[in-house]
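User: Could you walk me through this structure, step by step?

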Amino acid sequence: MAKKKKTQAKVLSQRMLADGICDLWLETSLAEHVNPGQFIGVYPANASALLPRPISICRVNEGRNALRLVYRIVGKGTAEFALYQPGEYLSVLGILGNGFPMEKAAGRKVMLMGGGIGVPPLLELAAQLKRLPEGQKPSQISIVMGYRDAQTFLKEEFEENGALYIATEDGSVGSRGNVLDAVRENHVEADVIYACGPMPMLRAIKKYAQDNRIQAYISLEERMACGVGACLGCVCKTVHEDAHSHVNNTRICTDGPVFNAEDVDI
Amino acid sequence: MNTSVEIAGVSFKNPVMTASGTFGSGMEYAEFADLNRLGAVITKGVANVPWPGNPTPRVVETYGGMLNAIGLQNPGVDVMIERDLPYLQQFDTGVIVNVCGKSVEDYIEVVEKLSDQPVDLLEINVSCPNVKEGAIAFGQKADALYNITEQLKKHAKQPIIMKLSPNVTDIAEMAKAAEAAGADAISLINTITGMKIDIDKRRFALANKTGGLSGPAIKPVAVRMVYQAAQAVKIPIIGMGGIATAEDAIEFILAGATAVAVGMMNFHDPYATMSVIEGIEKYMQMQHVEDIRELIGAVHD
């Protein structure tokens, strides 16, 4: 794994994708070795807000040394990020976390499930799974994304990488309801699930995977401070004693954010 | 130019340390900071047995700082001895282990287990605001602080630093109690008890309701308390509380700290300790200070 660092990243472009959802491309040397599902910490310039904001990586362009972040404006930090213009610089910390285990996909039917602002990291995963060499690539890629309404950001890009099924809370696009409603309605089959989204969705996916004997890898979120495993702020309960902490707590920032759903007590 | 300082007979190459709980046991920050350049690593607090800590959310940002209620999650002293202390031994840095407990017996068990370990000093945490039993119960009353200090002095092989809470009426009285009971040094301040409310969810921002405030927001309080403690006692002081820059560190030293620790600001800038070390040297050059010890407590009545 590449050495972590705090560095400056140059804004290449930024636009709004949907209400409150920003699409930001950064030029940074951190783009060199990224696993889908990893994240970076982005620092507000406002000195009253000192902690890095964990934001998942939506796309990587190694040739251009570029990372794409698709994030939701949720507070003063992300509101500040939304104002950045091309040519300006942001401080970033990375690369953080483990990422999705793509080796589990070899020869198997995979289902990528995203909800809300958990959707973006699955785009890089879909793209990397699609271009895996024969023998390592999945036999089928199904993508099931859940949105609030018809603002189905990143939809076209997902369609380029697999069969896309959409669920919307208001029923305006695809199945009405959540991602599992879309799975049932479309009879989507899978051997392996990769998921990122709000906790109620991840809990439901964990149960669905258990009931259907599917392996599920879920990306978790928690309030974070350091991002590098030192502060023990962002822990998640584990089923077994954690090898690092020696208690039933694991660090989402360093041992995750992606976990085998069987291993975490959510 | 001399930047080395001495605490209880132990010499440190410079006065810059890491505040307990903000730097793990060094491993997590070794990718950023050269641990060989640090005066010392002060480890995350360790108890006699593993502690699971508090429910999440455990951390929340506040203006110019953060609140935490980790609850002293730690893997226990045995893991520290097997894993963390051998790791730290690879580096040319001082090692100070922060010790926590729920009862005096817990603390004694930890300091006894550490007695033959490569540890320079023990920092006794009697000031964590986030655990119900022990910890701060020993640190908010002068007689309780005196008692635990006296007991630990009987069992500890290494010199002990009592880490004081700012959540007291009179810090000088606490510093005096620690000194009178035989503490070799004191460190201050631990975090200041605080609270944040999420107005959208109409809930406490932390699962523990209250947490310890740290970061630049608390620095003036910390400098004041270090100054008051320095006026009250002769034992050395490790000063901490919101140190972000060399200028901040020098303020603490001028107020009476022999050494300083960078805490929450490691999270903002994982290289912060390195720039504080460099900045102190630069300040000494600019101000023609030959020996850093000239600065310790140089500002007073």
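**Helix packing and the chain interface**

User: In which handedness does H2(B) pass H3(B)?

Analyst: Happy to help! This is a predicted model, in which local features need pLDDT of at least 70, side-chain atom pairs count only at pLDDT 80 or more, and totals for chains, interfaces and linings use all residues. Residues are numbered from 1 along each chain as its sequence is written, chains are lettered from A and ligands numbered from 1 in the order in which they are written, and side-chain values use heavy atoms, without hydrogens and water. A crossing is left-handed if the near helix is turned anticlockwise from the far one by less than a right angle, and right-handed if clockwise; H2(B) passes H3(B) in a crossing that is right-handed.

User: Which residues of H3(B) does H2(B) meet?

Analyst: Contact means heavy atoms within 4.5 Å. From H2(B) come Val104(B), Tyr107(B), Ile108(B), Val111(B) and Glu112(B). In H3(B) they meet Ile148(B), Gln151(B), Leu152(B) and His155(B).

User: How many residues of chain B are in contact with chain A?

Analyst: Let's look at both sides of this pairing. Chain A brings 34 residues, and those of chain B in contact with them number 36.

User: How many salt bridges are there between chain A and chain B?

Analyst: A salt bridge is a side-chain nitrogen of Lys or Arg within 4 Å of a carboxyl oxygen of Asp or Glu. The side chains of Glu61(B) and Arg53(A) meet in one, at 2.7 Å, N to O. Between chain A and chain B the count is 3 salt bridges.

User: In which handedness do H4(B) and H5(B) cross?

Analyst: Here we turn to another helix pair. Among the residues of H4(B) that meet H5(B) is Ile171(B). The crossing of H4(B) and H5(B) is right-handed.

Conventions. Helices (H or I, at least four residues) and strands (E, at least two) are DSSP runs, numbered from the N terminus.
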